[in-house]
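Got your viewer open? Load the model, switch to cartoon with side chains ready to toggle, and come along for a walk through it.

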Amino acid sequence: MGLATGLVEGAGLWALQRLGWLRGPLVFLGASLEIVWISALADLLLFGGVGLGLSLVARLVPRFPTKWFSIFALSYLALFDWLALPLVGRAHIYVIPILAAGLAVEVSRWLRAHEEAFVRFWRRSFPWLAAMALLALVGTRGGLWLQERLAVARLPQAPAGSPNILVIVVDTLRADHLSAYGYARLTSPNLDRLAGQGVLFENAFSTSSWTKPSHASLLTGRYPHEHRADAAWPLDGRYPTIGEALQTLGYRTGAFSANYDTFNQISGLGRGFQHFEDFFRSVPNMAVHTLYGRVAEYYVLHRALGLEYRVDRSRAAGINRSVLRWLDQDRGKPFFAFLNYFDSHAPYIPPQPYRSKFSPVREPGGQINTDWGMDHIYVPMTPEQLQGEVDAYDGGIAYVDAQIGQLLSALQERDLADKTLVVITSDHGESFGEHGLLEHNNSLYREVIHVPLIFWWPGHVPAGTRLDQIVTNAALPATLLDLAPGEEPTLFPGPSLALL
């Protein structure tokens with residue numbers, strides 16, 4: 001019953017996600033077909049655990065009506081699962097368990113009346129259900145692996161001298177909180193060093209104040225009114241992406257997203273990447289993207305127990321491990337790696353010692369919390385609470401800066417650093433009370449669109465250069481093609497920043 005429940009759940013989540021019918025805490029579930037085998041495995045473990053528990057009860061309490069209660073409990077779990085898919089976000093949360101309980105009573109009565117046929121049916125069905133789950137696992141995982149291998153094998157020979165390209169987008173990083181941009185706190189010693197050895201744009205601006213349209217601009221070189229990727233619409237195929245252009249030049253392309261809810265493939269932002277890691281890149285992420293995992297995280301851990309952040313939050317260290325693992329798979333072709341770090345995004349909860357690095361208190365931050373919705377960005381705070389948010393935010397920047405330093409050291413160990421063009425930027429900034437606002441997706445003031453932009457490539461870009469021209473980081477695609485040999489940058493609107 002667990003396998004059957006999970007297979008139906010996974011197929012339903014995937015289909016409803018594609019139709020845009022999921023609501024509430026389920027809205028980002030079903031991100032890819034992998035959810036079919038993940039849900040099947042999760043429900044197999046859940047139902048198996050319930051079965052083992054009831055078996056133990058039967059041994060300890062022989063007079064307990066174990067058989068009847070088992071049929072009811074497993075029926076209830078299956079019915080709650082299937083009812084929740086269309087009803088979460090549309091019906092009151094108490095309606096679903098009450099309706100599932102009523103239906104489970106009727107179903108369990110019918111099953112008890114047909115017990116022999118019921119048991120015989122499941123015994124015959126189990127091998128087929130297990131085979132379907134295994135096929136889903138092998139088909140999705142193996143299919144992704146094979147698809148990437150074939151795409152890389154079809155790449156043309158890269159022109160001589162083609163640099164590796166590493167673009168790091170530090171989500172929600174406002175430029176004026178970097179010491180490289182004159183901030184009083186030493187938040188970014190590694191970025192300071194890169195800026196001293198490369199080119200820093202003092203007045204770079206993003207095209208939007210939130211992630212999805214800004215990333216679409218970074219990939220296409222187009223403004224939001226052109227590409228039209230927003231809350232309701234994904235990035236469509238009308239404009240080429242920098243990943244597609246670099247593939248024609250022989251580049252392996254990979255994207256690694258810690259902000260998987262917004263910078264992901266289902267938003268159309270995966271076009272041009274042979275390898276894309278967003279959802280399902282860790283066991284916690286897999287677990288909380290099943291129905292029971294999301295219900296347990298949101299309603300139990302968060303609502304009941306006060307968990308301040310999602311259990312599958314992805315750290316920069318994890319992104320680095322994924323990138324290096326991908327790089328080590330094939331060293332024969334130049335790479336284009338596009339990274340999104342999320343540690344400076346609300347809630348500001350970097351790991352220690354960074355969370356309290358700039359604060360006199362042990363656990364600053366966490367008040368502005370968009371993991372569970374937008375309510376927290378309008379809650380009034382005292383000056384001390386707001387300062388705690390700023391302290392934790394700066395700690396998140398320091399953590400990301402340290403991870404950038406570690407990533408570049410790992411590239412140096414692989415003899416790749418001097419052969420790699422590194423670009424550091426952000427998709428948008430953040431408000432901390434300026435104009436009476438918090439967070440970012442509610443205004444277009446300077447603090448939410450002024451972003452860092454640093455180019456580093458020893459021996460190829462001028463060292464120690466600071467440019468004060470007003471530019472947009474949407475010029476990134478044209479600039480990368482200008483710096484990569486073998487292609488004219490006219491594919492993307494310019495001008496290329498290399499001409500400044």
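The stops below run from the open pockets, through the nonpolar cores and a cavity, to a helix and two single residues. Keep in mind that this is a predicted model.

**Stop 1: the largest pocket**

Select Val27, Phe28, Asp261, Thr262 and Asn264 and centre the view there. Of the 46 residues that line the largest pocket, these five are the closest to its centre. The pocket holds a volume of about 1200 Å³. Now colour helix H1 (2-19), helix H7 (211-220) and helix H11 (291-304): each of them supplies at least two residues of the lining. If you colour the lining by class, you'll get 19 nonpolar, 15 polar and 12 charged residues.

**Stop 2: the second largest pocket**

Next, pick Glu34, Leu144, Gln265, His275 and Phe276. They lie nearest the centre of the second largest pocket, which is lined by 30 residues. Helix H5 (115-153), strand S4 (275-277) and helix H12 (316-329) are the elements that give two or more residues to this lining. Which element gives the most to it? That's H5, with 8 residues. The space in this pocket comes to about 910 Å³, and its lining splits into 12 nonpolar, 8 polar and 10 charged residues.

**Stop 3: the nonpolar cores**

Time to go inside. Nonpolar side chains in soluble globular proteins tend to be buried together. Show Leu166, Ile168, Leu339, Tyr341 and Ile404 as sticks; they have the most contacts inside the largest nonpolar core, a set of 48 residues. Among the elements that supply at least two residues of this core are strand S1 (164-170), helix H6 (189-196), strand S5 (335-341) and helix H13 (383-413). H13 brings the largest share, 11 residues.

Zoom in on Tyr341 and pull up its contacts. Apart from neighbours within four places in sequence, Tyr341 touches Ile168, Val169, Val170, Asp171, Ala258, Ala316, Ile319, Asn320, Val400, Ile404 and Leu407. There is also a second, separate core of 40 residues, which includes Leu218, Leu246, Val461 and Ala484.

**Stop 4: a cavity**

How many cavities of 30 Å³ or more does a search of the whole structure find? The answer is 1, with about 30 Å³ of space in it. To see it, select Val170, Leu173, Leu191, Ile397, Val400, Asp401 and Ile404, the residues that line it. H13 turns up again here, giving 4 residues, the largest share of the lining. By class, the cavity lining has 6 nonpolar, no polar and 1 charged residues.

**Stop 5: helix H7**

Go back to H7 and show its surroundings. Why is this helix largely enclosed by the rest of the structure? Because 10 of the 10 residues of H7 are buried. Among them are Lys212 and His215, along with Leu218 and Leu219. To see what covers the buried residues, turn on S1, S5, strand S6 (420-425) and helix H15 (476-483), which are included in the cover. Then step just past the end: Gly221 follows H7, and its phi is positive, near 75 degrees.

**Stop 6: Asp171**

Now select Asp171, in the loop between S1 and H6. Is it buried or exposed? Asp171 counts as buried because its relative accessible area is 0%, and the cut-off is under 20%. Switch on polar contacts: the side chain of Asp171 meets the side chain of Asn340 at 3.0 Å and the side chain of Thr211 at 3.5 Å. Thr211 is one of the buried residues of H7. Widen the selection to residues in contact with Asp171, and the list includes His215, Asn259, Tyr341, His345, Ser426, Asp427 and His428. Asn259 sits 88 residues away along the chain, yet the two C-alpha atoms are separated by 7.9 Å.

**Stop 7: Arg313**

The last stop is Arg313, found in the loop between H11 and H12. Arg313 is also buried, with a relative accessible area of 12%. Follow the side chain of Arg313 to the backbone oxygen of His345, which it reaches at 2.9 Å. Beyond its neighbours within four places in sequence, Arg313 is in contact with Tyr260, Phe342, Asp343, His345, Ala346, Pro347, Ile349 and Asp371. If His345 sounds familiar, that's because Asp171 contacts this residue too.

Conventions: Residues are numbered from 1 along each chain as its sequence is written. This is a predicted model: local features need pLDDT of at least 70, side-chain atom pairs count only at pLDDT 80 or more; totals for chains, interfaces and linings use all residues. Side-chain values use heavy atoms; hydrogens and water are left out. On a 1 Å grid over the protein atoms alone, a cavity is a set of points where a 1.4 Å probe fits but cannot get out, and a pocket is an open set with protein on both sides within 12 Å along at least five of seven lines; lining residues have an atom within 4 Å of a point. Grid points are joined across faces, edges and corners, and a volume is the space filled by probe spheres set on the points. Ala, Val, Leu, Ile, Met, Phe, Trp, Tyr, Cys and Pro count as nonpolar, Asp, Glu, Lys and Arg as charged, and the others, Gly among them, as polar. A nonpolar core is a set of buried Ala, Val, Leu, Ile, Met, Phe, Trp, Tyr and Cys residues joined through side-chain atoms within 4.5 Å. Buried means under 20% relative accessible area, exposed over 50%, partly exposed in between (1.4 Å probe, protein chains only). Contact means heavy atoms within 4.5 Å. A polar contact is a pair of N or O atoms within 3.5 Å; within protein, one must be able to donate a hydrogen and the other to accept it, and residues adjacent in sequence count only if both atoms are side-chain atoms.
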